[in-house]
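Student: Before we begin, could you take me through the reasoning behind some of the labels used for this model?

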Amino acid sequence: GSRFTGPNHASPVVMLDDSTHWIIHPLYAKGEWRGQGRQGLMNQVRYDASLKPVADYPVNRFFNAPDLPGSGIPWMVPKSDFFTAENMNPEWSFLGHTLENTHSLTDRPGWLRLSPKSGTKGNFISKNDGEHNYSLITKLDFDAKSAYEEAGLQIMRGDENMAIKLYSSVNEHSHHVIVFCFNDTRYEAENTAGNTVWLKINRVNHIITGYFSKNGHKWVQVGQSFDIEAIDSYSDFSSFTGTRQGLYVLGNSAFFDLYIYRDAYTPILAECPANQYGTVPATKTDGIYQLDSIHHNDWVLYAGVEFGNNEYLKVPKEIEINASSGGSGGTVEVWLDSIATGIKVAECAISNTGDWNTFETFKAAVSKVQGRHDVYLRFTGVETGRLFKLKWIQFVSERASE
């Protein structure tokens, strides 16, 4: 079966300098992920014998990209935001009509002030939720006075009738708490961090786990994980925007210092690249697909990885790669932003683990990296066949101040 279905509403055809023709059209994810709404695909156009334009819909096979100059724009997944600009990044969207006085980047420089729309209506600023694995992190300053007042992270279904939330509040006993809730299930943990607290939501396909921290380094899990397939698979054929992720407040204003989309120091599933060449997910082990069919010169891309800066005080010292190999193995090259023009920051050797289903964690030193980057893994080896399988990668940090 094809990964996507229903391409429609095509753009006009554009001819490039090399005389190739291209269109962009929306299409829909299927099955358990159709709740993510419409997604864009670039398609090449050919002209048949009667000069009729035909776009050959790509079904699970590779196509050469159009010959266009590099724009320098990172891969289009949600970006980290440290709220240092004068205006909101246009990637953010407000839910419904939202007055300008409900948010500010100047009241407290480097922070986003987000206020409710009214005494009974909250405020939600969001980005598209189009990937299956990421780790959202925010740092907020919020002094809740009642159980009605909330501020934190939210993933909302396209019809706005279901959401999973991780937030700071107080309970009915006026104790400051961190709450993680979905549908009728609510987990609560004592807020030992104070008014300024870090929150993290980690997505592994449909499984969502919530954490909080007082410093962004040591995390405390809040309750148990939730399965949100009811959000990810929902579609009423009018929720074109699909699932949304972002920051919200209810009942009172909060200040947010940062929003990280994909943390380098939380495991990144190998099965979830934003782009790839020559590899495919294999069967599941412990509920996680591995990346398989890895051969010499294949590659994958994991987009929008945040390594840290002067607000998120982390830098990587090494990379960990969980892999298996029933052959001689090979090498994983770690590149930033481009294999052709980017910077190689690490090489990690993968050796034989005994068989293809025995996974071990391999480590390699990493050059100093800061900021947000697209991470490419390029695979090399001497064998002409299969080199190894990958389950996940993760960078190990040291504080930038150390």
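Student: How many aromatic pairs does the count come to?

Tutor: The model is a predicted one, and in it the count comes to 11 aromatic pairs.

Student: What makes the pair of Phe182 and Phe226 edge-to-face?

Tutor: The ring centres of Phe182 and Phe226 lie 5.8 Å apart, with 65 degrees between the planes; centres within 6.5 Å make a pair, and planes over 60 degrees apart count as edge-to-face, so the label applies. This pair joins distant parts of the chain, with Phe182 in strand S13 and Phe226 in strand S18, 44 residues apart, and both Phe182 and Phe226 are buried. Phe182 and Phe226 also belong to one aromatic cluster together with Phe180 and Tyr187.

Student: Why is the pair of Trp198 and Tyr312 called tilted?

Tutor: The planes of Trp198 and Tyr312 stand at 35 degrees, with the centres 5.9 Å apart, and because an angle that is neither under 30 degrees nor over 60 counts as tilted, the pair receives that name. Trp198 lies in strand S15, whereas Tyr312 lies in the loop between strand S26 and strand S27, 114 residues apart.

Student: Why does Asn205 count as buried or exposed?

Tutor: Asn205 has a relative accessibility of 14%, and since buried means under 20%, Asn205 is therefore buried. Asn205 sits in the loop between strand S15 and strand S16, and, leaving aside neighbours within four places in sequence, Asn205 is in contact with residues including Trp33, His132 and Asp232.

Student: How do you know that the charged end of Arg157 sits over the ring of Tyr234?

Tutor: The charged end of Arg157 is 3.8 Å from the centre of the Tyr234 ring, which is set against a distance limit of 6 Å, alongside a condition on the angle to the ring normal.

Key
Residues numbered from 1 in each chain as written. Predicted model: local features only at pLDDT ≥ 70, side-chain atom pairs only at ≥ 80, totals over all residues. Heavy atoms only, no water. Helix = DSSP H or I, 4+ residues; strand = E, 2+ residues; numbered from the N terminus. Buried < 20%, exposed > 50% of the residue type's maximum accessible area, 1.4 Å probe, protein only. Contact = heavy atoms within 4.5 Å. Phe/Tyr/Trp six-rings, centres within 6.5 Å; stacked < 30°, edge-to-face > 60°. Lys NZ or Arg CZ within 6 Å of the ring centre and 35° of its normal.
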